Amino acid sequence: MRICEDLSIFVGYLMCTIKNNRMKKSVKSMAVCLIMLCLSVQVGAQSVQKSALFDKTIHVGARLGMNVSAIRGLQDQLNPYDVGAEVSYNLGVVVDVPVMRFLSVQPGLYLTTKGFGGEYTNDEPYNRQDIIISGMGIYLEVPVLAVGKFPVAKNFTLRPNIGPYFAYGIGGNVKKEVTSTLVIGEFTKETETDYFGYSKDAQTWEDRGMGMKRFDCGISFGFGANIWKFYTGFQCEVGLINIADPDSWGSDASFKTGCFSFNLGYNF
């Protein structure tokens, strides 16, 4: 705007010194064109400058996703079961706090489920048993992520992230389904026990508990994208602490969680 003011003063001075009316009209037309050009350049520069500024706006987002989780080390303790992954869900909110132009800190609070699945077949004569076991722990989880912000197009931003997570188990169970095939027919029995905790004085498997510790923490990393106000991305969590209760599994047992998630979300 300073350039436009200087130009206006200069044109006024020029108009006062020129005596010829035709020349005055020509100069006036040229001055109007120059001022309009100057204004358009100034507005364009402000627009570019605004887009390059550090956006300090804090955003809140909702997330919903699917988990594929497993427990490393459990296979050694549950032989002869064939232990694998289990599909579950996660639901949460995040707060995106910008700290730099291309970086923000993003804490969150999730209700998430992690566990395992397994199966075993005891093929004895006249008494075949097919056993399916499924364990799922329900956690309140708090990730604290460093999230990059890399715009690649209008309303499209890449968001890689990494950081720690902390989780505490609030519930869950382990279900066991035993299908016995006898000469006289097929019978199915279902039982369940608590996912967390262990009672060594319990008389039955149902009352004993699976013997998983409630606290878990580890590293979370992933990659996502903001498309307008929508979010999509994947996340990988690697547990770093042993969640096996030594009273239940012994001092040599070591269980660590692992989870892969696909998430969708909306940023307010």
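# Exercises on a predicted fold

Isoleucine 219 has a relative accessibility of 33%, so this residue counts as partly exposed. Buried means under 20% relative accessible area, exposed means over 50%, and partly exposed covers the range in between (1.4 Å probe, protein chains only).

The model is predicted: local features need pLDDT of at least 70, side-chain atom pairs count only at pLDDT 80 or more, and totals for chains, interfaces and linings use all residues. Residues are numbered from 1 along each chain as its sequence is written, and side-chain values use heavy atoms, with hydrogens and water left out.

**Exercise 1. Find the strand that holds isoleucine 219, and give the C-alpha distance to leucine 145.**

Step 1. Helices (H or I, at least four residues) and strands (E, at least two) are DSSP runs, numbered from the N terminus. Isoleucine 219 belongs to strand β9, residues 215-227.

Step 2. Take the two C-alpha atoms. Isoleucine 219 and leucine 145 are 9.5 Å apart in space and 74 residues apart in sequence.

**Exercise 2. Count the salt bridges, then place the partners of arginine 159 and lysine 114 in the fold.**

Step 1. Apply the rule: a side-chain nitrogen of Lys or Arg within 4 Å of a carboxyl oxygen of Asp or Glu. The count is four salt bridges.

Step 2. Take arginine 159. Its salt-bridge partner is aspartate 96, with the closest N and O atoms 3.1 Å apart. Arginine 159 sits in strand β7 (residues 156-182) and aspartate 96 in strand β3 (residues 86-100), so the pair links distant parts of the chain, 63 residues apart. Arginine 159 is buried at 7%. Aspartate 96 is buried at 10%.

Step 3. Take lysine 114. Its salt bridge goes to glutamate 141, with a closest N to O distance of 2.9 Å. Lysine 114 lies in strand β4 (residues 103-124) and glutamate 141 in strand β5 (residues 127-148), so the pair ties together parts that are 27 residues apart in sequence. Lysine 114 has 3% relative accessibility and counts as buried. Glutamate 141, at 3%, counts as buried too.

Step 4. Take arginine 128 and aspartate 130. Their closest N and O atoms are 3.2 Å apart, and they form a salt bridge. Arginine 128 is partly exposed at 32%, and aspartate 130 is partly exposed at 23%.

Step 5. Look for shared partners. Lys114, Glu141 and Glu237 are joined into one network by salt bridges.

**Exercise 3. Count the aromatic pairs and classify two of them.**

Step 1. Rings of Phe, Tyr and Trp (its six-membered ring) pair if their centres lie within 6.5 Å; planes under 30 degrees apart are stacked, over 60 edge-to-face, and the rest tilted. This rule gives 10 aromatic pairs.

Step 2. Tryptophan 228 and phenylalanine 230 have ring centres 6.0 Å apart and planes at 45°, a tilted pair. Tryptophan 228 is exposed at 52%. Phenylalanine 230 is partly exposed at 45%.

Step 3. For phenylalanine 234 and phenylalanine 260, the centres are 5.9 Å apart and the planes stand at 20°, so the pair is stacked. Phenylalanine 234 is in strand β10 (residues 230-239) and phenylalanine 260 in strand β11 (residues 256-267), 26 residues apart. Both are partly exposed: phenylalanine 234 at 37%, phenylalanine 260 at 42%.

Step 4. Check for a cluster. Phe116, Tyr139, Tyr195 and Phe196 form one.

**Exercise 4. Locate the cis peptide bond and two non-glycine residues with positive phi.**

Step 1. Recall the background. Most residues other than glycine have a negative phi, and most peptide bonds are trans.

Step 2. Check omega. The bond from asparagine 79 to proline 80 is cis, with omega near 10°. Proline 80 is in the loop between α3 (74-77) and β2 (82-84).

Step 3. Check phi. Asparagine 155 has a positive phi of about 65°. Its place is the loop between β6 (150-153) and β7. At 47%, asparagine 155 counts as partly exposed.

Step 4. Return to tryptophan 228. Its phi is positive, about 60°, and tryptophan 228 lies in the loop between β9 and β10.
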